[in-house]
Amino acid sequence: MTRRMITIKWIFYSLWTLLFLLAQQLVLPHIRLWGVHPFLLPVLAAVAASFEGKREGPVFGLALGLVCDLLFTGAFPCFYAVTLLLSALVAGLAARHLIMPGLVCSLAVSAAALVLTGLFNTAAASYAYGAPLTAALWLIARELAVSLPAAVLIHLAFSRVHRRFAGR
């Protein structure tokens with residue numbers, strides 16, 4: 001693939017990501033199920049990495065994490081840069097060695113990314129505020145149940161970009 005085509009592909013990924021970030025910031029806070037709203041940030045990094053692999057995916061996860069650290073408050077400084085980078089690394093490795101990229105892979109890596117982000121958040125909250133572990137794990141489970149359906153939409157958007165540029 002030429003450098004120009006790679007640039008165009010990542011512009012499309014970025015535009016979809018921007019759309020989902022706008023939805024995360026403007027629409028999803030008004031949707032509450034079981035006391036939580038859908039959380040798309042880890043899903044974006046994981047699904048992109050499942051399609052783009054263990055090299056480009058983590059770079060996307062790190063870039064997205066740095067942008068998210070500027071837009072959203074995290075449990076500690078550079079929270080999203082660390083968690084989204086690790087989520088993308090795990091997703092890229094899983095998609096290359098464990099599960100063939102597709103909808104099932106996107107759902108699996110999205111669930112892993114949401115759990116990983118939740119565990120980092122739980123560890124920070126337990127350290128800083130002494131939050132009870134059972135309540136934090138219950139919060140992770142509810143957030144996972146509410147956020148995972150959005151992974152299907154993200155998968156559809158990112159798979160379209162991936163397929164468009166796959167054979168070039």
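## Cysteines without a bond

The structure holds zero disulfides. Keep in mind as you look around that this is a predicted model. A disulfide is a covalent bond between the sulfur atoms of two cysteines. Why does C78 not form one? The closest cysteine sulfur to that of C78 belongs to C68 and is 12 Å away, which is too far for a bond; a disulfide here needs the two sulfur atoms within 2.5 Å.

Two of the cysteines make a nice contrast in their surroundings. C78 is partly exposed, with 45% relative accessible area, whereas C105 is buried at 0%.

## The loop between α2 and α3

C78 sits in the loop that joins α2 to α3. Its backbone deserves a look: the phi angle of C78 is near 65°, a positive value in a residue other than glycine.

P77 belongs to the loop between α2 and α3 as well. Is P77 buried or exposed? With a relative accessibility of 73%, P77 counts as exposed. If you would like a landmark for orientation, take P29: P77 and P29 are 48 residues apart in sequence, and their C-alpha atoms are 22 Å apart in space.

## Two helices, two outcomes

Let us turn to the helices, starting with α1, which covers residues 3-27. At 1.5 Å a residue, the 25 residues of α1 should span 36 Å, and the 35 Å between its end C-alpha atoms agrees with that. Which residues of α1 are buried? They are M5, K9, W10, Y13, T17, F20, L21 and Q24. It helps to recall that an α-helix has 3.6 residues a turn, so residues three or four places apart point the same way.

Helix α2, residues 41-71, tells another story. A straight helix of 31 residues would span 45 Å, yet the end C-alpha atoms of α2 are only 11 Å apart. Where is the kink in α2 centred? It is centred on G53, with an angle of about 145°.

## The salt bridge

How many salt bridges does the structure hold? There is one. It joins the side chains of E52 and K9, with a distance of 2.8 Å from N to O. E52 belongs to helix α2 and K9 to helix α1, so this pair ties together parts that lie 43 residues apart in sequence.

Both partners are tucked away from the surface. E52 counts as buried at 8% relative accessibility, and K9 counts as buried at 8% too. You have already met K9 in the list of buried residues of α1.

## Around S50 and R96

S50 has its place in helix α2, and with a relative accessible area of 0% it is buried. What does S50 touch, leaving out residues up to four places away in sequence? Its contacts are A91, A95, R96, P101, C105, S106 and V109. One of them, C105, is the cysteine described above as buried at 0% relative accessibility.

Another of those contacts, R96, is found in helix α3. R96 is partly exposed, having a relative accessible area of 38%. Although S50 and R96 are 46 residues apart along the chain, their C-alpha atoms are separated by 7.8 Å. Beyond its neighbours within four places in sequence, R96 is in contact with S50, F51, E52, G53 and P101. That list includes E52, a partner in the salt bridge, and G53, where the kink of α2 is centred.

## S87 in helix α3

Helix α3 spans residues 79-97 and contains S87. S87 counts as buried, at 3% relative accessibility. Which backbone oxygen does the side chain of S87 reach? It is that of T83, at 2.8 Å. Setting aside residues up to four places away in sequence, S87 touches A113, L116 and T117.

## R142 in helix α5

The last stop is R142, in helix α5 (residues 133-165). R142 is buried, with a relative accessible area of 19%; the cut-off for buried is under 20%. Apart from residues up to four places away in sequence, R142 touches W34, G35 and V36. For a sense of scale, R142 and Y80 are 62 residues apart in sequence, and 20 Å separates their C-alpha atoms.

Note on methods: Residues are numbered from 1 along each chain as its sequence is written. This is a predicted model: local features need pLDDT of at least 70, side-chain atom pairs count only at pLDDT 80 or more; totals for chains, interfaces and linings use all residues. Side-chain values use heavy atoms; hydrogens and water are left out. Helices (H or I, at least four residues) and strands (E, at least two) are DSSP runs, numbered from the N terminus. The expected span of a helix is 1.5 Å times one less than its number of residues. The bend at a residue is the angle between axes fitted to the seven residues ending there and the seven starting there. A salt bridge is a side-chain nitrogen of Lys or Arg within 4 Å of a carboxyl oxygen of Asp or Glu. Buried means under 20% relative accessible area, exposed over 50%, partly exposed in between (1.4 Å probe, protein chains only). Contact means heavy atoms within 4.5 Å. A polar contact is a pair of N or O atoms within 3.5 Å; within protein, one must be able to donate a hydrogen and the other to accept it, and residues adjacent in sequence count only if both atoms are side-chain atoms.
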